[in-house]
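Please look over the sequence and the structure shown below before reading on. The briefing that follows goes from the whole chain to its strands, its charged side chains and its surface.

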Amino acid sequence: MSESPETGTNPVVRFLSRMTAKNWIAIVGAVAVLVFILQNRQRVRIELLFLDLNAPLWISLGAVLLIGWIIGRFSFRKR
């Protein structure tokens with residue numbers, strides 16, 4: 001009985017060889033987000049009209065990013 005090349009290799013090597021460029025981009029993006037969150041944990045004070053909030057900086061920036069994405073998503077006219 002001879003082993004096929006795929007059955008004799010390390011499972012980690014097989015897993016890594018099947019990963020696509022999209023997978024690697026997603027992993028790099030997730031690591032960048034994690035580093036961003038860990039570096040921006042200090043709390044900031046946010047004032048908007050009658051609201052006065054204290055929240056971590058990364059949540060504040062994430063909320064602004066999400067609001068901006070939603071505005072951009074719905075502000076373009078469909079042709």
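Of the 79 residues of this protein, 6% count as buried, and it should be kept in mind throughout that the model is a predicted one. The protein exposes about 7,700 Å², of which carbon and sulfur atoms supply 68%.

**Overall layout**
- The protein holds 3 helices and 2 strands, and, when followed from the N terminus, these elements run in the order α-α-β-β-α.

**The two strands**
- Strand 1, which covers residues 43–48, pairs with strand 2, which covers residues 51–56, in the antiparallel sense and over 6 bridges.
- Together, strand 1 and strand 2 form a hairpin with 2 residues between them, and Leu49 in the turn has a positive phi of about 55 degrees.
- Beside this turn, one of the pairings can be followed by name, since Leu48 has Leu51 in strand 2 as its bridge partner.
- Strand 1 is hardly covered, as the count of buried residues among its 6 residues is 0.
- In a regular strand, as a general rule, the side chains alternate between the two faces of the sheet.

**Charged side chains**
- The count of salt bridges in the model comes to 2, and Arg45 takes part in a salt bridge with Glu47 (3.0 Å, N to O) as well as in a salt bridge with Asp52, where the closest N and O atoms are 3.1 Å apart.
- Through these shared partners, the salt bridges join Arg45, Glu47 and Asp52 into one network.
- Arg45 counts as exposed because its relative accessibility is 56%, which is over the 50% cut-off, and Glu47 is exposed too.
- Asp52, in contrast, counts as partly exposed because its relative accessibility of 49% lies between the cut-offs of 20% and 50%.

**A buried residue in helix 3**
- Ser60 lies in helix 3, which spans residues 57–75, and Ser60 is buried because its relative accessible area of 13% is under 20%.
- Leaving aside residues up to four places away in sequence, Ser60 touches Val44, Ile46 and Ala55.

**The nonpolar patch**
- A nonpolar patch of about 630 Å² on the surface is made by Val12, Phe15, Leu16, Trp24, Ile27, Val31 and Val35.
- Helix 1 (11–17) and helix 2 (21–39) each supply at least two residues of this patch, and Val12 is one of the patch residues placed in helix 1.
- Helix 2 gives the most to the nonpolar patch, with 4 residues.

Notes: Residues numbered from 1 in each chain as written. Predicted model: local features only at pLDDT ≥ 70, side-chain atom pairs only at ≥ 80, totals over all residues. Heavy atoms only, no water. Buried < 20%, exposed > 50% of the residue type's maximum accessible area, 1.4 Å probe, protein only. Areas by Shrake-Rupley, 256 points an atom, 1.4 Å probe, with all protein chains shown as cover. Contact = heavy atoms within 4.5 Å. Patch = residues over 30% accessible without salt bridge, like charges linked within 9 Å, V, L, I, M, F, W, Y side chains within 5 Å. Salt bridge = Lys/Arg side-chain N within 4 Å of Asp/Glu carboxyl O. Pairing = 2+ DSSP bridges.
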